[in-house]
Amino acid sequence: MVKKKFENIFKIYSKRIFIIDSRGIKISYKQFYESVLKTILILKKKGCKKNTKIIILDENSVNYLIILVACIFGGFVACPLDPSIKKERIKKIKKLYKSKLILKDLKELKLSKTSLNLDSRELNYDDTDCLLINSYGKNGEPTGILFKSSSILGSADSFSKLAKYNNKTVILHCLPMFYMGGILDTFFSPLISGSKIIVAEKFTVLNAKNFWALPIQHKCNTLFLTPSIIALMTTIFRNSNKTILNHVSTYKSIFATGSILYPEVRKKFFKIFKKRIFSCYGSTEIGGPLCIQKNRASFKKNFCVGSHSKEVKIKEKAGYGRGFNYIFVKTPYFMKGYLTSKGLIRPIDKKGYFNTEDLGYYYKKTLFIKDTNRAIIKKGGELISLNLIEKTALQLKSIKNVFAIGKTDFYAGQEIFLFVSLKKRINKERALKKINLILKNNLRPVEVPKKILFLDKINLVSERKKNKDQLIKLI
Amino acid sequence: MDNKKKYEKVFMDSFSISKDKLKKDLKYNTIPQWDSVGHMSMIAALEDAFNITFEMDDIIDFSSYKTGKEILKKYKVNIS
């Protein structure tokens, strides 16, 4: 039923422009839907069946978005991966997912050359698995966060109401399409509300100069940025011209998503652009974003991530003292489970709550997030497994113990530091070269620590935050 | 500390690299640490070190250790 309702979106808004790509090519809701049907045919020809897991390993494109929807209606499971992941890790992920198809170049799908003869009755309307997001377990091994279509579409619908998307919304898509920010906040949610999406290139310093060209041209009125992009903008555009400032003043909403928006970044953006940025909060496991700041009063409160919809429940449990409680969430859009080598794991308590391991407090139905106890941090909006970094370094026999931490950073959000203690009589300089090499060869560039610090001994307790609080003083 | 040493120090501190890495004209995105985020941290450190404010085009065009020296000349900072 959820899929039928979703399919109707394409009929209701049939003639409306849905997507404009970076070259200016316009795609209506009808054209997009037809491309989805063609893609299902192509994927079926490639041997995809119900529950086939399709790894997507390419840069942002409109075809990427088409495949995400094709997986929903085809009954397949989209498995987006960061294209910068190293080959060895892709092999491990492929084995875990039991995936038989990796799509590396989405242009090769040749959508325009495929004739449309798929009967819509062949579409899969069951509530099947549709999305598997890559993550890492406590041992640093890959896991997948698996979702059913009802969770993804339900969460998208709920968030589109929270963010007040409608058919007048014009949203810029500049976030990576391999994680929730680029999938749910800036794709499924605007889709469900009949919005228009302007697909831009993924934001980097190199293309930053022209960042505002597309939004100005297409009169965007809604923007989703990671705190890192916001921080970069506050330096790159600190002497913005009138055209940019006038354009920014027309925005209905600018949201920060993906990680904590630090007060200094928020204040600097306001000083330059005279526009408020509102925070969102969510995590992949709970189906993406579930809280959003809605009013000016909440803007004045540091670390406030706003309020949530009625169907979501939040509770806190004492953690590290005042203001640092564990945040538990109960939501109908929760993942089906973690896909691990031992099977599917669904970590909820007896009352259905999930421990996010994020730390903050919940007051008068408003959530505040200040830190996390997770071994997964967010750097530049991307999920980084500290366990994976530690495990990679520990491959060297000269290392006795390691501990990785994320430290607050204006641009990165969290910057990674790796503490290392060596076995006796090991030359530190030589060890440093070896550690740097093994990290560079096995990790994505974004996962490589900013600095490696040597300690004679690392005494660790079971709580990550306690270890972090102790070691962070040494940086 | 002379300008050359200051310049080298910013690179070494921002990217946690040794001096020998700078000899081969280090470029943007050739080491994991010099990504968009690392780039901006380095720019902020250079601005602090030389008490200057880069223009937008110069921030974006600062694509290598060598190019950076040329850009700094515009701000009357000579790295010999």
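Me: Helices here are DSSP runs of H or I with at least four residues, strands are runs of E with at least two, and both are numbered from the N terminus. With that settled, which loop of chain A holds E447(A)?

Reply: Bear in mind that this is a predicted model. E447(A) sits after one helix and before one strand, α13 (428-442) and β25 (451-454) of chain A. So, going by those DSSP runs, its home is the loop between α13 and β25.

Me: Is E447(A) buried or exposed?

Reply: Away from its neighbours within four places in sequence, E447(A) touches R89(A), I384(A), L388(A), I389(A) and I416(A). Its relative accessibility comes out at 0%. The cut-off for buried is under 20%, so E447(A) counts as buried.

Me: Which backbone nitrogen does the side chain of E447(A) reach, and at what distance?

Reply: A polar contact needs a pair of N or O atoms within 3.5 Å. The side chain of E447(A) has such a partner in the backbone nitrogen of R444(A), at 2.7 Å.

Me: How many Å separate the C-alpha atoms of E447(A) and N246(A)?

Reply: Along the chain, E447(A) and N246(A) are 201 residues apart. In space, the gap between their C-alpha atoms is 37 Å.

Me: R444(A) turns up in another contact list too; whose is it, leaving aside neighbours within four places in sequence?

Reply: The residue in question belongs to strand β22 (residues 382-385) of chain A. Besides R444(A), its contacts take in T284(A), I376(A), I377(A) and K378(A). The list is that of L383(A).

Me: Which accessibility class does L383(A) get?

Reply: L383(A) has a relative accessibility of 22%. Buried would need under 20% and exposed over 50%, so L383(A) counts as partly exposed.

Me: How far apart are the C-alpha atoms of L383(A) and F410(A)?

Reply: These two are 27 residues apart along chain A. Their C-alpha atoms are separated by 17 Å.

Me: What about T284(A): is it buried or exposed?

Reply: T284(A) is in the loop between β12 (278-283) and β13 (288-292) of chain A. Its contacts, setting aside neighbours within four places in sequence, are I133(A), I145(A), F147(A), M180(A) and L383(A). With a relative accessible area of 9%, T284(A) is buried.

Me: And what separates the C-alpha atoms of T284(A) and G154(A)?

Reply: Counted along the chain, T284(A) and G154(A) are 130 residues apart. Counted through space, their C-alpha atoms are separated by 14 Å.

Me: Which class does S14(A) fall into?

Reply: S14(A) lies in the loop between α1 (2-12) and β1 (17-20) of chain A. Leaving out neighbours within four places in sequence, S14(A) contacts S28(A), Y29(A) and K30(A). Its relative accessibility is 18%, so S14(A) counts as buried.

Me: On to helix packing: how is α3(A) oriented relative to α6(A)?

Reply: Helix α3 (residues 62-74) and helix α6 (residues 180-192) of chain A pack with axes 12 Å apart at an angle of about 65°. That angle makes α3(A), relative to α6(A), roughly perpendicular.

Me: By class, what makes up the contact of α3(A) with α6(A)?

Reply: The crossing of α3(A) and α6(A) is right-handed. α3(A) brings L65(A), L68(A), V69(A) and I72(A), while α6(A) brings I183(A), F187(A), F188(A) and L191(A). Sorted by class, there are no polar and no charged residues, and the nonpolar count is eight.

Me: How does α1(B) run relative to α4(B)?

Reply: The axes of helix α1 (residues 3-15) and helix α4 (residues 65-74) of chain B come within 12 Å and cross at roughly 135°. That makes α1(B), relative to α4(B), oblique.

Me: How do the residues of the contact of α1(B) with α4(B) divide by class?

Reply: α1(B) passes α4(B) in a right-handed crossing. From α1(B) come Y7(B), E8(B) and F11(B), and from α4(B) come Y65(B), G68(B), K69(B) and L72(B). The split is four nonpolar, one polar and two charged.

Me: What's the phi of K364(A), given that it is not a glycine?

Reply: Most residues other than glycine have a negative phi. K364(A), in the loop between β19 (354-363) and β20 (366-372) of chain A, is exposed at 67% relative accessibility. Its phi is positive, about 50°.

Me: And the phi of K76(B), what is that?

Reply: K76(B) is in the segment after α4 of chain B. With a relative accessible area of 77%, K76(B) is exposed. Though not a glycine, K76(B) has a positive phi of about 60°.

Terms used:
Residues are numbered from 1 along each chain as its sequence is written. Chains are lettered from A and ligands numbered from 1 in the order in which they are written. This is a predicted model: local features need pLDDT of at least 70, side-chain atom pairs count only at pLDDT 80 or more; totals for chains, interfaces and linings use all residues. Side-chain values use heavy atoms; hydrogens and water are left out. Axes are lines fitted to C-alpha atoms, for helices over the stretch in contact, and angles run from 0 to 180 degrees between N-to-C directions. Angles under 35 degrees count as roughly parallel, over 145 as roughly antiparallel, 65 to 115 as roughly perpendicular and the rest as oblique. A crossing is left-handed if the near helix is turned anticlockwise from the far one by less than a right angle, and right-handed if clockwise. Contact means heavy atoms within 4.5 Å. Ala, Val, Leu, Ile, Met, Phe, Trp, Tyr, Cys and Pro count as nonpolar, Asp, Glu, Lys and Arg as charged, and the others, Gly among them, as polar. Buried means under 20% relative accessible area, exposed over 50%, partly exposed in between (1.4 Å probe, protein chains only). A polar contact is a pair of N or O atoms within 3.5 Å; within protein, one must be able to donate a hydrogen and the other to accept it, and residues adjacent in sequence count only if both atoms are side-chain atoms.
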